[in-house]
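The following exercises concern a single protein chain. Please work through each task before reading its solution.

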Amino acid sequence: MRFLHTALATITSVAVPALMLLPSTSAAAAAPGEVVTAPLTGLVDALTVEDEGPRDGYSREQFKHWVDADKDGCNTRNEVLLRDAVTAPVVTGRCTIAANSGVWQSWYDDTTQNTKFDVDIDHMVPLGEAWDSGAANWSAAERQAYANDLDDPRSLLAVHDRANQSKADRDPAQWMPPAAEATCRYISDWVTVKTRWDLGVDAAEHAAIQQIADACGDPEITVTLAR
């Protein structure tokens, strides 16, 4: 277990009013499957700050994605399209989404999409960034679980393809959503996913996150740890 979980346990044990755990969580250790509730700035402070090495060995194929984990005919991409649609698309067969049906609202850039072809499924923390932040040392099964994480809706989301392509593999020190009202939600979700998957942050990323989070009113975040 990396430093993050130790830091969470330490904070909770000495500052319960500021960082309270749900009843299912022990203050002695934060472990996979445990539920943590904390102010945003507390989660930011608990992130492991470390240098990111060269992206040796990385490819998207290292993260097997868009699988059909529950064997219901819908792969992960379609599951997110159906979940995030503000107007449900037409579905035929087991899980074929009609091309020009459904409406999606992309909060990254405050735009509306009326076809699935204009929608990308974004990994809140991109695969390349996850690789740099610790996933390079994971098993193939862990990387697949990360790439298809439907258990926390903040991990994967349907957004305008142009916004997603602009973001690429960049962290908040390098890219933020263009819609001003998206800033605090984005940084909260970024920190949530980093916490959930015990991913580190580099110094520039941490500084950017900290600066933005300080202006966001310190919302309380609840997250189930995956690692």
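**Exercise 1.** Identify the residues that Tyr146 touches, leaving out those up to four places away in sequence, and place Tyr146 within the largest nonpolar core.

*Solution.* Step 1. Contact means heavy atoms within 4.5 Å. Tyr146 touches Phe63, His123, Val125, Pro126, Leu127, Ala130, Trp138, Val193, Trp197 and Leu199. The model is predicted: local features need pLDDT of at least 70, side-chain atom pairs count only at pLDDT 80 or more, and totals for chains, interfaces and linings use all residues. Residues are numbered from 1 along each chain as its sequence is written, and side-chain values use heavy atoms, with hydrogens and water left out.

Step 2. A nonpolar core is a set of buried Ala, Val, Leu, Ile, Met, Phe, Trp, Tyr and Cys residues joined through side-chain atoms within 4.5 Å; buried means under 20% relative accessible area, exposed over 50%, and partly exposed in between (1.4 Å probe, protein chains only). The largest core has 41 residues, and Tyr146 is among the five that touch the most other members, together with Leu40, Phe63, Tyr108 and Met124.

Step 3. Helices (H or I, at least four residues) and strands (E, at least two) are DSSP runs, numbered from the N terminus. Elements that give two or more residues to this core include helix 5 (140-147), strand 7 and helix 8 (203-213). Helix 7 gives the most, with 5 residues.

Step 4. A second, separate core has 9 residues, including Leu81, Ala85, Ile97 and Trp104.

**Exercise 2.** Why is strand 7 (residues 156-160) described as largely enclosed by the rest of the structure, and which strand pairs with strand 7?

*Solution.* Step 1. Strand 7 is described in this way because 5 of its 5 residues are buried.

Step 2. Two strands pair if DSSP finds at least two bridges between them. Strand 6 (residues 119-123) and strand 7 pair in the antiparallel sense over 5 bridges. Within this pairing, Asp120 has Val159 of strand 7 as its bridge partner.

**Exercise 3.** Is Gln210 buried or partly exposed, and which residues does Gln210 contact beyond its neighbours within four places in sequence?

*Solution.* Step 1. Gln210 lies in helix 8 and is partly exposed, at a relative accessible area of 31%.

Step 2. Beyond those neighbours, Gln210 is in contact with Val44 and Asp45.

Step 3. Ile187 is 23 residues from Gln210 in sequence, and the two are 9.2 Å apart in space, C-alpha to C-alpha.
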